[in-house]
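I opened my notebook for this one with a fresh page and a cup of coffee. Here is what I looked up, entry by entry.

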Amino acid sequence: MKTRVTELLGIEYPIIQGGMAWVAEHNLAAAVSQAGGLGIIGAGGAPAAFVKEQIEKVKAVTDKPFGVNIMLMNPEADAIAKVVVDEGVKVVTTGAGNPGKYMAMWKEAGVKVIPVVASVAMAKMMERGGADAVVAEGMESGGHIGSATTMTLVPQVVDAVKIPVIAAGGIADGRGFAAAMMLGAEAVQMGTRFVVAKESIVHENYKQKVIMAKDIDSEVTGMSTGHPVRQIRNKMSREYLQMEKDGAPFEELEKLTLGSLRRAVVDGDVVTGTIMAGQIAGMVKKEQTCAEMIQEIMAEAEKLLSR
Ligand code: TUI
């Protein structure tokens, strides 16, 4: 299936992997790229030196294109923005902020820039700044989210910009893929389904929480702090929401979640850790290889789209 996004990125299938902090490391990124999608290393809150190592590890196992996601709240974002240029990374996606100040440097180096946006205004600003495409991410997504749903955001962004739009949030199978295409998207970004991939190094406890999750098992913390984060409900999310309700100061809430994503992903602490996942977790039921996932989604989507 050819779209402007497959052409832009030189990939076989219009499926890109979300830049999930702690989750999207070299094994997952390489597997998605090898399977014909676009694998992404998620820099999350990691130091620049670590991101550089991850890039080298992906390069060692695949010649296929891959990208790096820069979470812009990372204090080392400036350094990581330079690392991607020095390492000759072909694609950068960004999250949780405005990558405007890096755009000229990346364009100069020939890096394809794909900011993740949660609003039409941000999509237009990114297009003006020279973005090659945008990911329009709905609030069905896991992790840090905006407030519009995928169903409403994607067509509005498609109408507002000329660059290709990649849909994200609530997409995990061929039906979601086909629906995104109907909304005008030219690729999809998926996170939650790839969390449970065989190649994903995520702790088995975390994978089981995603696999066992039902439709309404996620909730959003941090509405009051301006950093809403979708995660699977557990002791940590309940405690956080209770503290928010009680009017706890921002610093105290921050302290509660410090290191909590790592605790869940790496240590498998799914009680006091934060289990970031999208609403579509309710439909993600099996561990498969990235290639199996991509093949299954494309076969189903092609059948639906040819009806
Ligand atoms: O970035 C994400 N998802 C993320 S980042 C993340 S790491 C984290 N960990 C703990 C607490 C908070 C974050 C986990 N999940 N998705 C892309 C995304 N970007 N969603 C929303 C936005 C966004 C928000 C505001 C993009 C731009 C923006 O603009 C703000 C501005 O500077 O004007």
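**Entry 1: the ligand shell**

By class, how many nonpolar, polar and charged residues make up the shell around the ligand? I am working with a predicted model here, and I found eight nonpolar, five polar and one charged residues in that shell.

I then looked for the residues that come nearest. Of the 14 residues around the ligand, these are A96, V116, M122, E137 and H144.

**Entry 2: polar contacts to the ligand**

Which atoms meet nitrogen atoms of the ligand? I noted three cases, starting with A96, where a polar backbone atom is 3.0 Å from a ligand nitrogen. E137 uses its side chain: a polar atom there lies 3.0 Å from a nitrogen of the ligand. For H144 I again looked at the backbone, where an N or O atom lies 2.8 Å from a ligand nitrogen. Next I checked the cover: the ligand taken alone exposes 720 Å², and the protein buries 69% of that.

**Entry 3: A96 once more, and W22**

A96 caught my eye again in the backbone angles. A96 is not a glycine, yet its phi is positive, at about 60 degrees. I placed A96 in the loop between β4 (91–95) and α5 (100–108). Is A96 buried or partly exposed? The relative accessible area is 25%, so I wrote down partly exposed; buried would need a value under 20%.

W22 also has a positive phi, about 70 degrees, without being a glycine. I found W22 in the loop that runs between β1 (15–17) and α2 (26–34). With 43% relative accessibility, W22 went into my notes as partly exposed.

**Entry 4: salt bridges, the E87 and K52 pair**

How many salt bridges does the count come to? I got 17, and I picked a few to follow up.

In one of them, the side chains of E87 and K52 meet, with N to O at 3.4 Å. E87 sits in the loop between α4 (77–86) and β4, while K52 belongs to helix α3 (residues 48–61), so this pair ties together parts that are 35 residues apart in sequence. I compared their surroundings too: E87 is buried, at 11% relative accessible area, whereas K52 is partly exposed, at 35%. I also traced a network of salt bridges that links K52, E56, K59 and E87.

**Entry 5: a link across the chain**

Next I turned to R175 and E300, a salt bridge whose closest N and O atoms are 3.9 Å apart. Where do the two partners sit? R175 is in helix α8 (residues 174–182) and E300 in helix α14 (residues 290–305), and the pair links distant parts of the chain, 125 residues apart. I marked R175 as partly exposed, with a relative accessible area of 49%; since exposed means over 50%, R175 stays in the partly exposed class. E300 counts as partly exposed as well, at 28%.

**Entry 6: a pair within one helix**

My last look-up was K235 with E239, whose salt bridge has its closest N and O atoms 3.2 Å apart. Both residues lie in helix α11 (residues 235–245), four residues apart, which is about one turn of the helix. I checked accessibility for this pair too: K235 is partly exposed at 46%, and E239 is partly exposed at 34%.

Conventions
Residues are numbered from 1 along each chain as its sequence is written. This is a predicted model: local features need pLDDT of at least 70, side-chain atom pairs count only at pLDDT 80 or more; totals for chains, interfaces and linings use all residues. Side-chain values use heavy atoms; hydrogens and water are left out. A residue is near a molecule or strand if one of its heavy atoms lies within 4 Å of it. A polar contact is a pair of N or O atoms within 3.5 Å; within protein, one must be able to donate a hydrogen and the other to accept it, and residues adjacent in sequence count only if both atoms are side-chain atoms. Accessible areas come from the Shrake-Rupley method with a 1.4 Å probe; for residues, only the protein chains shown count as cover. Ala, Val, Leu, Ile, Met, Phe, Trp, Tyr, Cys and Pro count as nonpolar, Asp, Glu, Lys and Arg as charged, and the others, Gly among them, as polar. Helices (H or I, at least four residues) and strands (E, at least two) are DSSP runs, numbered from the N terminus. Buried means under 20% relative accessible area, exposed over 50%, partly exposed in between (1.4 Å probe, protein chains only). A salt bridge is a side-chain nitrogen of Lys or Arg within 4 Å of a carboxyl oxygen of Asp or Glu.
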